[in-house]
Structures are given as structure tokens and as C-alpha cells.
Amino acid sequence: MEPTVKKKASLANQSSEKLLTLMEVLSLQENPIRLSDLAALLNMNASTVSRFLATLQSRGYVMLDSDTGKYSMTYKICQLANNLTSKMDLRTICRPYLHKISRIFNCTTNLITRYEYSVIYLEVIAGPNQLLVPLQRIGKVAPLYCTGAGKIFLQEFTNEEMDDYAGAVTFDRFTEHTICSIGELKKVVALGASLGYAVDNEECEIGTRCLAVPIYDYTGHIHAAISINAPAAKLTDEYILQNVDTLKGIAGEVSRLIGYSK
């Protein structure tokens with residue numbers, strides 16, 4: 001590539017990066033913003049920002065209030081997201097990551113979502129050398145209070161929502177370890193939220209534990225959960241502490257793929 005062509009390509013890349021940065025910053029503004037204030041936030045020349053805004057406005061991604069002289073994003077950007085999500089569902093996105101997890105930990109790996117006061121298993125992948133048939137099945141429905149994934153979703157419940165939940169469900173005791181007190185459940189959920197994961201401590205089945213981590217979407221809220229199931233003798237507290245960051249890291253990759261940007 002000739003030096004002049006390289007220089008043009010480099011300048012184009014810089015312009016593209018600046019444009020994307022402008023869109024990201026503008027989308028974060030709670031209220032419409034003036035050109036001068038936006039330029040200051042971006043640390044860019046006002047004339048450069050003006051050119052970018054004019055382009056975005058002509059394509060319908062930005063609107064200008066002629067009365068106030070302030071700019072804001074439109075909802076057209078949502079169309080791009082809808083085009084993408086219509087082609088790729090969560091199971092398609094997560095499946096290779098679930099297989100990766102099952103190989104790393106050699107145990108059952110699950111993709112789980114929430115529906116009202118229950119969890120639903122969207123995908124279940126057995127470990128490559130797993131001899132026992134997994135208890136979970138695609139489409140299985142389970143309670144929030146006694147599953148690792150369920151406790152992940154409960155982390156976003158307010159105190160009032162937790163009380164409403166307790167009044168709406170029956171706390172069945174599946175094992176001697178099942179939590180059947182809303183007070184105890186609140187403590188366990190709060191601890192899990194501070195740690196960034198949740199555990200089913202033989203609460204559904206004696207001899208089996210579960211470790212679950214959240215998947216966040218572009219709104220910053222928990223969209224789904226990934227969990228692993230293993231014998232309690234393997235999935236000890238020490239094992240969890242040594243390996244949970246690996247599971248969190250993979251869940252973080254999935255979160256970024258569906259728009260989470262933190």
C-alpha cells in the first residue's frame with residue numbers, strides 16, 4: 001500500500017472512531033445537549049463535531065431541536081439492534097460458550113432465563129466425560145428460591161418485590177438444605193449479589209451443587225444466567241473460589257455480545 005493510501009486509511013479509521021465515540025456519548029445524555037457542550041465532553045473541535053452531527057442527522061440517527069439548538073439521539077439506532085436480534089437468538093449466541101464451559105469444568109452447563117417467578121432452561125450441555133445423565137432438560141421449569149440461576153435473578157428484586165414474591169409462592173422443601181425462609185433467602189441473595197455469583201447448595205437435590213453467574217444485556221440488567229452443575233464433592237467452596245472468575249469471564253464475553261458495555 002502506498003504511503004498516501006495508508007495515511008488516508010488511518011485518517012478514515014480515526015474519523016470512524018470519533019463518530020462512534022460521539023454516538024456513544026450522545027446516547028448517554030439524559031437531556032438534549034448543545035454542540036459546544038458536546039464538543040467539550042468529547043474533547044473535539046466544534047466544527048468536527050458539527051460535521052458528524054450533520055451526517056447523523058441526515059441519516060435520521062440524531063435530531064436537532066430548532067428552538068433550543070440542542071441535539072439528541074433518535075430511536076433509529078434501535079432498528080439496528082432489532083435487525084441483529086431477529087437473526088441471532090440467545091441460544092445461538094451462547095451455545096459455543098456453553099460447550100467451552102462444559103469442556104473446561106467437565107460438568108453440565110446450562111443457559112437459563114426467567115419467566116415471572118420461575119426459571120426456564122433454554123439450553124443444557126453435558127460435560128464431555130460425564131457418565132451421569134443430567135437432571136436438567138431444555139424447557140424444564142424450576143423455582144427461583146432454590147436454584148443458583150434463580151438467586152441470580154432475585155438479585156435485581158427490590159425489598160418490596162422480594163416480599164411480594166414470598167407472598168405469591170410456596171417454599172417447598174426439596175432437601176434438608178432448601179431455603180424456606182424469606183429472611184434467610186434475602187441474606188443469601190444479597191451475599192451473592194456482592195460476590196457476583198450464586199450457589200445452589202444441594203437445595204434441589206442431595207449430592208449436587210450449582211454455581212451460576214449473570215449475563216447482562218445492553219440495558220445493564222440481568223438478561224439470563226449461565227450455570228454449572230456438579231457433584232457436591234467436586235463443586236466445593238474452595239473449588240468455586242478458584243474457578244468462578246473463569247465462569248464470570250465467559251459470561252462477560254456473552255454479555256458484551258448482546259450489548260453490555262460496562
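Colleague: Glu123 first: buried or exposed?
Modeller: Glu123 counts as buried, at 5% relative accessibility. Buried means under 20% relative accessible area, exposed over 50%, and partly exposed in between, with a 1.4 Å probe and protein chains only.

Colleague: What should I know about the model before going on?
Modeller: It is a predicted model, where local features need pLDDT of at least 70 and side-chain atom pairs count only at pLDDT 80 or more, while totals for chains, interfaces and linings use all residues. Residues are numbered from 1 along each chain as its sequence is written, and side-chain values use heavy atoms, with hydrogens and water left out.

Colleague: Which residues does Glu123 form a salt bridge with?
Modeller: One is Arg91, with the closest N and O atoms 3.2 Å apart. Glu123 is in strand S5 and Arg91 in helix H5, so this pair ties together parts 32 residues apart in sequence. The cut-off for a salt bridge is a side-chain nitrogen of Lys or Arg within 4 Å of a carboxyl oxygen of Asp or Glu. Glu123 also forms a salt bridge with Arg95, where the closest N and O atoms are 3.0 Å apart. Arg95 is in helix H5 as well, and the pair with Glu123 in strand S5 ties together parts 28 residues apart in sequence.

Colleague: How are the helices and strands assigned?
Modeller: They are DSSP runs numbered from the N terminus: H or I of at least four residues for helices, E of at least two for strands.

Colleague: And the two arginines, what is their accessibility?
Modeller: Arg91 is partly exposed, with a relative accessible area of 31%. Arg95 is partly exposed too, at 30%. Together with Glu123, Arg91 and Arg95 are linked in a network of salt bridges.

Colleague: How many salt bridges in total?
Modeller: The count comes to five. Another one is Lys186 with Asp163, the closest N and O atoms being 2.8 Å apart. That pair links distant parts of the chain, with Lys186 in helix H8 (residues 182–195) and Asp163 in helix H7, 23 residues apart.

Colleague: How accessible are those two?
Modeller: Lys186 counts as partly exposed at 26% relative accessibility. Asp163 is partly exposed as well, with a relative accessible area of 39%.

Colleague: Back to the strands. Why is S4 called largely enclosed?
Modeller: Six of the eight residues of strand S4 (residues 108–115) are buried, so S4 is largely enclosed by the rest of the structure.

Colleague: Which strands are joined to S4?
Modeller: S5 (residues 118–125) is joined to S4 by seven bridges, and the two run antiparallel. Within that pairing, Thr113 stands opposite Ile120. S9 (residues 222–231) is joined to S4 by five bridges, also antiparallel. There, Thr109 of S4 stands opposite Ile228. For two strands to pair, DSSP has to find at least two bridges between them.

Colleague: What about the turn between S4 and S5?
Modeller: The hairpin has two residues between the strands, and Glu116 takes a positive phi near 55°.

Colleague: New topic. How many aromatic pairs?
Modeller: A search of the whole structure finds seven. Phe105 and Tyr239 form an edge-to-face pair, 6.4 Å centre to centre with 70° between the planes. Phe105 is in helix H5 (residues 90–105) and Tyr239 in helix H9 (residues 237–257), so far as sequence goes 134 residues apart. Phe105 and Tyr239 are both buried.

Colleague: Why is the pair of Tyr117 and Phe157 tilted?
Modeller: The ring centres of Tyr117 and Phe157 are 6.5 Å apart and the planes are at 50°, so the pair is tilted. This pair links the loop between S4 and S5, where Tyr117 sits, to the loop between helix H6 (148–154) and helix H7 (159–168), where Phe157 sits, 40 residues apart. Rings of Phe, Tyr and Trp (its six-membered ring) pair with centres within 6.5 Å; planes under 30 degrees apart are stacked, over 60 edge-to-face, the rest tilted.

Colleague: Are Tyr117 and Phe157 buried or exposed?
Modeller: Tyr117 is partly exposed, with a relative accessible area of 31%, whereas Phe157 is buried at 15%. Ring pairs link both of them with Tyr145, Tyr165 and Phe171 into a cluster.

Colleague: Last thing: how many disulfides?
Modeller: The count comes to zero. Cys180 is in no disulfide (two cysteine sulfur atoms within 2.5 Å), and the nearest cysteine sulfur, that of Cys146, is 8.5 Å away. Cys180 counts as partly exposed at 25% relative accessibility, while Cys94, at 0%, counts as buried.
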